[in-house]
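Visitor: I'd like to zoom in on one spot here and then have you walk me through the surroundings of a few others. Could you keep it casual but stick to the numbers?

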Amino acid sequence: MAMLGANAAPLTGAAERPTLVVGIVVEGLDENYLNLLADKFGTGGFRKLLENSAIIEQLDYGTFLDAQAATALLYTGSAPIVNGIPAAKTYEVWRNASRPTLTDSLEIGNFTTSTLSPRKLLVSTLADEIKIDGSGATHSYAIAADPQQAIIMAGHASNGGYWIDDINGQWASTTFYGDVPQTISLRNYNNRLSTRLDTMQWRPLLSSMLAYPDIPSTRVPAPFRYQFQSGDPDRYRKFKASPSANTEITDLATELIHYQMLGQHPGVDMLSVAYSLAPYPYSLYADQRVETMDSYLRLDRDLEKLFKAVDARKGNGSTLIFLAGIPARTSSKADDERWKVPTGQFSARKAKSLLNMYLMAIHGNGEWVSGYHDRNFYLNHNLIKEHKLDAKTVREQAAQFLNRMSGVSHAYTIDDVLAARVGSNPNALRRNTSPEHSGDVIISVNPGWEAVDDLGGGDNYLSRDSHTPSMLFIMGPGVTPTRITEAVDARRISPTIARLLRIRSPNSASEPAVRF
């Protein structure tokens, strides 16, 4: 056995094991705004993180992933090709429709009609490993505005994942977990969002629009005001996309910490929270800088409240906090035409129709294109078999045609994607693609163009290729404040947290932990 030499550094004891871990994901977190607003933050929110954390400045997800897929990558330590979650919605050819990826007809909802579960999340998560380490005696909860983010963070073994229902505004869950704490029930019965929403508004937090930095003197915007009034069928969706939802989430999180006595059980308890700083999709303006800055300032207050609740919890033990940014899709509003920036509209309906006509001209009449969803074209494999054609050849023909279509910058076959032969980062594109859900041909839309899903299965968005780095903060025992400037693979975060908690990494987390 090797012995320590006389001049070797002495071994030191391990840091205190945390009794509570708080995981936070923030869609749209941007270091540029943190720097811009630094002098307007309080002392207990973002400033506390900036001064006391190990900070990774560039968290690399490989390619763009939506909030649900990025959250799954963070919590499992594996990419969509392994964990099974490529996006919030996936397309089902046999139904000719898309639906939430975690849809599960075997379950029913608590306080919701949605039927969801984590069964399609194919691997273990950080929350699962914490529950397993504690032999089920520890407590683990997840809270988000979005149902699938809540379920992904909760994983399979947690006590529960909770979200705000789009239809009734109540805190909802799935019977998969079977645990609805009294805290949730009391809020739904005695403090319903539906009874408060008519009087709630999102208005500027600062007293003057000139108090927001970097507003050009030639454009001082009028104060914005967004309401969530009864009679509007989208009122809860609009609320959930606003910073007011972050505050609602924080209020429930602080109640769970207190009433569920998180951090006071044997082993390690976990609370996961999802916030959003993404561009407000219901904004009246293409330039959303003021709304975005206002969202940061409000989230700073929410974080301070959450951190104070963590510090005030009874009992002994320390807390490990990690906050990870997730890139957000840009605003769907194009710049004013007077700026003459090249733009256009990519119509999914038109592209599907033209592609089908092209394939008919080559192979004869028939519905050659079964469907389209989020830049994926699905071919009719039954028809291809009937004509005794080679599917790979038909895919190549479809990609060649789409590559010549206005508004398309690239068209790849699934064969080329899985062989890592295409894209600016082919290995990342391959691992962030789920073969089970992917189409036969995948396209990229020209930057500046609006991708319009006029087939009714997805969202419209403005294509933009600019890179927005995500950040990660880790604060707690065993973590020395430092900064890592080089890019770090986001798949390494789950193993890193597991190492600090001294538990197993999730079963698909093959990347090494980050050493601080």
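What is the relative accessible area of N96, and does that make the residue buried or partly exposed?

Guide: Bear in mind that this is a predicted model. N96 has a relative accessible area of 48%, so the residue is partly exposed. The cut-off for exposed is over 50%. As for its place in the chain, N96 belongs to the loop between β3 (89-92) and β4 (97-100). Its backbone deserves a look too: phi is near 50°, which is a positive value in a residue other than glycine. Just before N96, the charged end of R95 sits over the ring of W94, at 5.9 Å from the ring centre.

Residue R502 makes a good companion case. Its phi is near 60°, again a positive value in a residue other than glycine. R502 is in the segment after α16 (493-501), and at 43% relative accessibility it counts as partly exposed. There is another arginine over a ring as well: the charged end of R235 sits over Y236, 5.2 Å from the centre of that ring.

On to the aromatics. The structure has 17 aromatic pairs. One of them joins W202 and Y280 edge-to-face, with 5.2 Å centre to centre and 90° between the planes. W202 is in strand β9 (residues 201-202), while Y280 is in the loop between β11 (269-276) and α10 (289-312), so this pair ties together parts 78 residues apart in sequence. W202 is buried at 1% relative accessibility, and Y280 is buried too, at 4%. Both rings belong to one aromatic cluster, made up of W202, F224, Y226, Y280 and Y282.

Helix α11 is worth a slower pass. With 16 residues (348-363) at 1.5 Å a residue, it should span 22 Å, and the end C-alpha atoms are indeed 22 Å apart, so expectation and model agree. The buried residues in α11 are A348, A351, K352, L355, N356, L359 and H363. They cover an arc of only 130° around the axis, which puts them on the same side of the helix. The spacing makes sense: an α-helix has 3.6 residues a turn, so residues three or four places apart point the same way. On the other side of α11, K350 and A361 are exposed.

What does the buried side touch? The buried residues of α11 pack against β13 (344-347), β14 (369-373), β15 (376-379), α13 (391-403) and β18 (449-452). Just after the helix, G364 takes a positive phi of about 100°.

One of those neighbours, β15, leads us to strand β17. Two bridges join β15 to β17, and the two strands run antiparallel; here N376 has I442 of β17 as its bridge partner. Strand β16 (residues 408-413) also pairs with β17 in the antiparallel sense, over five bridges. In that pairing, A411 is matched with I443 of β17. Four of the five residues of β17 (441-445) are buried, so the strand is largely enclosed by the rest of the structure.

Technical notes:
Residues are numbered from 1 along each chain as its sequence is written. This is a predicted model: local features need pLDDT of at least 70, side-chain atom pairs count only at pLDDT 80 or more; totals for chains, interfaces and linings use all residues. Side-chain values use heavy atoms; hydrogens and water are left out. The expected span of a helix is 1.5 Å times one less than its number of residues. Buried means under 20% relative accessible area, exposed over 50%, partly exposed in between (1.4 Å probe, protein chains only). The arc is that of the directions from the helix axis to the C-beta atoms. Contact means heavy atoms within 4.5 Å. Two strands pair if DSSP finds at least two bridges between them. Rings of Phe, Tyr and Trp (its six-membered ring) pair if their centres lie within 6.5 Å; planes under 30 degrees apart count as stacked, over 60 as edge-to-face and the rest as tilted. A charge sits over a ring if NZ of Lys or CZ of Arg is within 6 Å of the ring centre and within 35 degrees of the ring normal.
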